[in-house]
Structure formats: structure tokens, C-alpha cells
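Here is a friendly note for anyone meeting this structure for the first time. Please keep the model open while you read.

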Amino acid sequence: MERAALSVAGIATYAAIAVATYWIYIQLFKVDVVFYAAIWACTLALLAYTLLIIITPFSNHFTPLEKVQNIAICGLLGYILAITFPTIIDRSLSFYFLEKVQQRGGGIQLDYLDYIFREEYIKEHRLMEVRLTEQIESGTLFVDRGSCIRLTTRGELLATFSRFFRSHFLPPQRLIAGEYSSDLVDPFLHKNTVPNYLCKQ
């Protein structure tokens with residue numbers, strides 16, 4: 001029982017270190033991509049936690065395998081924290097809706113959702129600039145000399161995987177605005193017109 005309590009205390013200690021490290025990291029350094037910053041902070045926290053385990057009597061209560069397992073659990077917890085909080089809150093349209101309804105006094109008219117998305121969300125969150133920056137920093141897109149956004153090899157592979165996953169592993173009957181629809185399995189299905197923003201080959 002004592003070892004279980006110590007293990008839980010260790011994981012809680014790592015979580016506290018990770019949160020503190022993330023906060024210090026974003027205050028001291030410029031951040032290119034929120035997710036990467038969160039991952040780096042959680043990795044630094046894991047290194048600090050590992051050092052703490054090595055130099056304190058905590059490690060005397062566990063076998064080497066148990067210590068490795070505890071560190072691995074903390075690493076996975078850090079990854080979960082990095083995605084669940086800063087990344088999701090930074091990217092989530094769902095959280096934006098909650099914040100927007102709160103900002104507008106607790107209620108907005110359903111008929112204005114499209115307007116809010118086009119005229120407020122995209123501008124307030126600098127949505128296109130942020131997403132483009134993320135993809136360039138991730139090595140999936142680049143902007144050529146003609147100001148055309150193009151896929152890298154990595155971007156091509158990820159786009160192919162995404163389309164495959166969407167087509168085969170997203171629910172074909174999904175509740176959208178009160179009706180079950182397969183629209184999001186292939187959102188490009190009915191886009192037949194050729195847009196005027198294409199780049200020259």
C-alpha cells in the first residue's frame with residue numbers, strides 16, 4: 001500500500017513539475033507552435049523528475065523496472081497534458097463557441113453561427129495565419145517564390161493518410177445539426193467547380 005501511495009505521489013509530483021515548467025517556458029521563450037512548446041516543457045519536466053527519482057530516497061522503495069515504468073507513465077501523462085490543455089484550448093472551435101456565448105452575455109442566435117465563424121472566429125484567432133505557421137514549422141507545407149502554398153513530401157503523406165482515415169474510420173452516420181449525415185466522410189465530394197486560387201504547376 002505504501003509503494004502504491006508513493007507511486008501516485010510521484011506521478012502527482014511530475015504533473016506539478018510539468019505544469020510549472022510549461023508556464024515558465026511560455027513566459028521566458030518565444031513559441032512557434034503551442035503543441036511543440038508543451039511537448040518540450042513536459043520533456044524538460046520529465047528529465048527533472050527522473051533526476052529527482054535518482055537523487056532522492058524515493059527510488060529505494062522500487063525495483064529498477066518499477067522506476068522505469070513510473071517514468072514511462074509520467075512521460076505518457078505529459079503527452080496527454082500537452083494535448084489536452086494548451087493544444088486543445090488553443091485550437092478548439094468548441095471552446096471558442098463556449099467563450100463566445102459567454103462573451104455575448106450567455107446567448108447568441110442560432111442563425112448567426114456562420115456569421116460568427118466567418119467574421120469573428122477567423123479574425124479573432126488569426127486562424128489561417130496560425131495554422132499556416134504550424135504546418136510550415138512542422139515541415140508539411142512551404143511557401144514558394146510565387147507565394148504559393150505547396151505540400152512537402154511529408155505533407156503529401158499526411159494528407160493521404162488523413163483522407164484514408166477519414167474515408168474508412170470516421171463514422172458514416174454522424175449527428176450534425178439534428179440529422180445523421182455522411183458529409184464529413186468525404187467533405188470534398190460535391191465540390192465540382194474549379195477555384196481561382198490554384199497555383200501554376
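The points below go from the whole chain to single residues.

1. A word on the source: what you see is a predicted model. Please read every value below in that light.

2. Let us begin with the fold elements. The chain contains seven helices and four strands. Following the sequence, you meet them in the order α-α-α-α-α-α-β-β-α-β-β. One of the helices, helix 2, covers residues 34–55.

3. Next, the overall dimensions. The radius of gyration of the chain is 22 Å, whereas a compact globule of 201 residues would have one near 17 Å. Along the principal axes, the C-alpha atoms fill a box of roughly 70 × 45 × 40 Å.

4. How much of the chain is buried? Of its 201 residues, 19% fall in that class. The accessible surface amounts to about 15000 Å², and carbon and sulfur atoms make up 64% of that area.

5. Contacts and charges deserve a look too. Among contacts in the chain with a separation of 6 or more, 51% join residues that are 24 or more positions apart. As for charges, there are 18 positive and 18 negative side chains, and the centres of these two sets are 5 Å apart.

6. Now to the cysteines. A disulfide is a covalent bond between the sulfur atoms of two cysteines. The structure has one disulfide, and its partners are Cys148 and Cys199, with sulfur atoms 2.0 Å apart. The angle about the S-S bond is -115°, and the link of Cys148 and Cys199 is left-handed.

7. Which parts of the chain does the pair tie together? Cys148 sits in the loop between strand 1 (141–143) and strand 2 (149–151), while Cys199 belongs to the segment after strand 4 (179–181), so the link joins parts that are 51 residues apart in sequence. Cys148 is buried because its relative accessible area, 13%, is under the 20% cut-off. For Cys199 the relative accessible area is 23%, so this residue counts as partly exposed.

8. Why is Cys42 not bonded to the closest cysteine? The nearest cysteine sulfur is that of Cys74, and the 11 Å from the sulfur of Cys42 is too far for a bond. Seen from the other side, Cys74 is in no disulfide either, with the sulfur of Cys42 11 Å away as its nearest. Cys42 is buried, at a relative accessible area of 8%. Cys74 is also buried, with a relative accessibility of 0%.

9. Gly178 makes a good place to visit in the viewer. You will find Gly178 in the loop between strand 3 (174–176) and strand 4. Is Gly178 buried or exposed? Its relative accessibility is 65%, so Gly178 counts as exposed. From the C-alpha atom of Gly178 to that of Thr21 the distance is 43 Å, and the two residues are 157 residues apart along the chain.

10. Last comes Thr50, a residue of helix 2. Thr50 is partly exposed, because its relative accessibility is 21% and that class begins where buried, under 20%, ends. Thr50 lies 10 residues from Trp40 in sequence, and their C-alpha atoms are 15 Å apart in space.

Conventions:
Residues numbered from 1 in each chain as written. Predicted model: local features only at pLDDT ≥ 70, side-chain atom pairs only at ≥ 80, totals over all residues. Heavy atoms only, no water. Helix = DSSP H or I, 4+ residues; strand = E, 2+ residues; numbered from the N terminus. Rg over C-alpha atoms; globule rule 2.2 N^0.38 Å. Buried < 20%, exposed > 50% of the residue type's maximum accessible area, 1.4 Å probe, protein only. Contact = heavy atoms within 4.5 Å. Areas by Shrake-Rupley, 256 points an atom, 1.4 Å probe, with all protein chains shown as cover. Lys, Arg positive; Asp, Glu negative; His and termini not counted. Charge placed at Lys NZ, Arg CZ, Asp CG, Glu CD. Disulfide = S-S within 2.5 Å.
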